[in-house]
Amino acid sequence: MKLDTVKPVYLFAAFMVLAITGCKKDNSSGTTINPPPKNPDTTVTVVTGTKPVIKTNNQKVFVHYMAWFETPATSGAGKWGQHWTMANENPDVILPNGRRQIASWFYPMIGPYASSDRDVIDYHLLLMKYAGIDGVIVDWYGVHNVYDYPLNKRNTDSLFNRVPYAGLQFGICYEDQTLGQVKAVAGIDTVTAAQQDFAYLQSAYFGSSSYIKINNQPLLLDFGPQGLKTTADWQQAFSGLSVKPRLLALEYAGGVTGASGSGEFAWVDATDQANLKSFYQDRAASLATYFAGAYPGFQDFYKQGGWGNTLFTIDYNTTGTLQNCLNLAKTSGTNYLQLITWNDYGEGTMIEPTLDFNFTFLQTIQQYTGVSYTVTELQLIYKWYTLRKKYAGNTAIQLKLTNAYNDLVGLDVKDATTIISGIN
């Protein structure tokens, strides 16, 4: 049995497990979570002179981004969000190595964070910029008040509000499997719920000059399809849009979208690079648009975290796996690459700096994109972030750090270094 005419069923099962764990509730009662009010932003930011990074590799490089992390200050429930805890971890517990107990084998360099935190967002976007990453594609759960979906929407809005300041682009990867939960909990018909989600995307994002577009169409990835299961469903879901998105389904699943779809994107699979090679060689030629994929490895925490069984493991080989994926992407025949992922700690595909891999994944990406920057700039951005947090209540120093941020988005590393080095 295959997902359409090609995809092996074991891979589809893995996607299903990922989708199910990706939308677990934040509470055991199954009640809807109302998002907390947005914290006031007191940081003064006047961004001038944002400049694009020069790359020798003209391939567009985007990164898949999870906006689902919560701390007790942001979750609305006074506790850590599920993607730091899964079913049995407690970040309030400090382990002997000084790390908080989180649901991952790996640990972010800045510690567990809230996806709505502006400093975190700016830190992430600056790192992307200096690695030659052109934009971010957010894993998105829609607009409906079901489980923790409103938190994901709020966090995505927060991220997209900052993207233009960094001079990057943004896009959406729609989790259409959430439509089943919306129907079960809120009683909204699947197609109707999708229409409401897409209407929001059109009004809030698609018209932005920073939104990723291909052939003048706003890009929309779909992690499936799993909720909209027929070509008729997709036609109806898109019927109210004035401009139809450039829709890409998961690899080998594009047949479900029919005329509404324009291609597919590669994803991580148990067979590792064999899957990528097969997709590029046997599938891609039949697609109008396709995205290559590259990941550093795969080691999920699902069994240890009480969220089911281990999916599979792909060894990192230091940075070898990422390098091999990038080598394949370079000869894949497409102008588009999606890095998998920026920060999925539950599956261990994170490329953001960690205590485990430091900056090495981003350094590998710097070499691939052909930017002139090195680990020196990445370390400078990390120091900028730590100072933001260290002097959170100091207005004078925050203003200096805002000036340093403006220098960084304007690629004035020398002036940014002078400011940051002058703060103890």
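1. Let's start with burial across the whole protein chain. This is a predicted model, and of the 424 residues in the chain, 59% count as buried. The chain holds 13 helices and 11 strands. If you take the contacts between residues at least 6 apart in sequence, 73% of them join residues at least 24 apart. Keep that in mind as you go through the points below.

2. Have a look at helix α7, which covers residues 231-238. Which of its residues are buried? They are D233, W234, A237 and F238. These residues lie on the same side of α7, because they cover an arc of only 120 degrees around the axis. Their cover includes helix α6 (190-206) along with the strands β5 (217-222) and β6 (246-250).

3. Helix α5 (residues 178-186) can be read in the same manner. Its buried residues are T178, L179 and V182. Here the arc around the axis is only 105 degrees, so these residues sit on the same side of α5. They pack against α4 (149-166), β3 (169-174) and α6. After α5 comes G187, which has a positive phi near 75 degrees.

4. Next, try helix α9, made of residues 320-330. Buried in this helix are T321, L322, C325, L326, L328 and A329. Why do they line one face of the helix? Seen down the axis of α9, they fall within an arc of 160 degrees, and that is why they share a face. The elements covering them include α8 (273-283), β8 (289-294), β10 (313-314), β11 and α10.

5. Now zoom in on a residue of helix α10, which spans residues 360-369: T364. Is T364 buried or exposed? Its relative accessibility is 6%, so T364 counts as buried; the cut-off for that word is under 20%. A polar atom of the T364 side chain lies 3.0 Å from the backbone oxygen of T360. Setting aside neighbours within four places in sequence, T364 is in contact with T319, L322, Q323 and L326. You have met two of these names already: L322 and L326 are among the buried residues of α9.

6. Strand β11 (residues 336-339) is the place to find Q338. With a relative accessibility of 0%, Q338 counts as buried. What does Q338 touch, not counting residues up to four places away in sequence? Its partners are F62, H64, I137, L221, F265, A266, W267, F291, A292, G293 and A294. Try finding them one by one in the 3D view.

7. For a pair of helices, turn to α3 (residues 118-131) and α11 (residues 375-390). Their axes are 10 Å apart, and the helices pack at an angle of about 170 degrees. That angle makes α3 roughly antiparallel to α11, because angles over 145 degrees are given that name. By class, this contact has 10 nonpolar, no polar and 5 charged residues. From α3 the residues involved are D119, V120, D122, Y123, L126, L127 and Y130. From α11 they meet E377, L378, I381, Y382, W384, Y385, R388 and K389.

8. Some backbone details deserve a friendly warning. Most peptide bonds are trans. The bond from G224 to P225, however, is cis, with omega near 10 degrees. P225 is placed in the loop between β5 and α7. Another cis peptide bond joins I340 and T341, where omega is about 0 degrees. T341 lies in the loop between β11 and α10.

9. Finally, check the phi angles. Most residues other than glycine have a negative phi. Where does N215 lie? N215 is found in the loop between β4 (213-214) and β5, and its phi is positive, near 55 degrees. With a relative accessible area of 59%, N215 is exposed. N358 is not a glycine either, yet it has a positive phi of about 55 degrees. This residue, N358, is in the loop between β11 and α10. At 41% relative accessibility, N358 counts as partly exposed.

Key:
Residues numbered from 1 in each chain as written. Predicted model: local features only at pLDDT ≥ 70, side-chain atom pairs only at ≥ 80, totals over all residues. Heavy atoms only, no water. Buried < 20%, exposed > 50% of the residue type's maximum accessible area, 1.4 Å probe, protein only. Helix = DSSP H or I, 4+ residues; strand = E, 2+ residues; numbered from the N terminus. Arc of directions from axis to C-beta. Contact = heavy atoms within 4.5 Å. Polar contact = N/O pair within 3.5 Å; in protein donor to acceptor, adjacent residues only side chain to side chain. Axes fitted to C-alpha atoms, helices over the stretch in contact; angles between N-to-C directions. Parallel < 35°, antiparallel > 145°, perpendicular 65-115°, else oblique. Nonpolar A, V, L, I, M, F, W, Y, C, P; charged D, E, K, R; others polar.
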